[in-house]
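Please open the structure in your viewer and keep the sequence beside it, since this tour moves from one selection to the next.

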Amino acid sequence: MPSKEISKFWDFDHTKMAVVNVDTKSCCYFIDFYEGDKLIDTIFYPNNSLYFVEDAAENYTMGILNVTDQTT
């Protein structure tokens, strides 16, 4: 899947990171969620704006969004 990185968000300790990307074929935004150097999940947001997706990424790094809650 060809993609392009849009933005990155970190927590204060740099232990959590969220990378906002866009799939260049489908124009669908998605986030890669990391704890340390480990990718823990990728969530696609096919019907949401970039603003919504970046808010979700920031919420993850602030501890507001729990990724496991989103994938069940």
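Before selecting anything, take one term along: a residue is called buried when its relative accessible area is under 20%, exposed when it is over 50%, and partly exposed in between, using a 1.4 Å probe and protein chains only. The model is a predicted one, in which local features need pLDDT of at least 70 and side-chain atom pairs count only at pLDDT 80 or more, while totals for chains, interfaces and linings use all residues. Residues are numbered from 1 along each chain as its sequence is written, and side-chain values use heavy atoms, with hydrogens and water left out.

**Whole chain**

Show the whole protein as a cartoon, and you can trace 2 helices and 4 strands, which follow the order β-β-β-β-α-α from the N terminus on. Here helices (H or I, at least four residues) and strands (E, at least two) are DSSP runs, numbered from the N terminus. If you turn the C-alpha trace along its principal axes, it spans about 35 × 20 × 20 Å. Of the 72 residues of the protein, 36% count as buried.

**Val22**

Now select Val22, which you will find in strand β2, residues 16-23. Is Val22 buried or exposed? Its relative accessibility is 13%, and therefore Val22 counts as buried. Next, display the neighbours that Val22 touches, leaving aside residues up to four places away in sequence: they are Pro2, Ser3, Lys4, Ile6, Cys27, Cys28, Tyr29 and Phe30, where a contact means heavy atoms within 4.5 Å. Then draw a C-alpha to C-alpha distance from Val22 to Asp55, and you should read 15 Å for two residues that are 33 residues apart in sequence.

**The aromatic pairs**

Colour the aromatic rings next, because rings of Phe, Tyr and Trp (its six-membered ring) pair if their centres lie within 6.5 Å, with planes under 30 degrees apart counting as stacked, over 60 as edge-to-face and the rest as tilted. A search of the whole structure finds 3 aromatic pairs. One of them is formed by Phe33 and Tyr60, whose edge-to-face arrangement has 4.9 Å from centre to centre and 70 degrees between the planes. Phe33 belongs to strand β3 (residues 29-35) and Tyr60 to helix α1 (residues 50-61), so this pair ties together parts that are 27 residues apart in sequence. With the surface switched on, check both partners: Phe33 is buried, and Tyr60 is buried as well.
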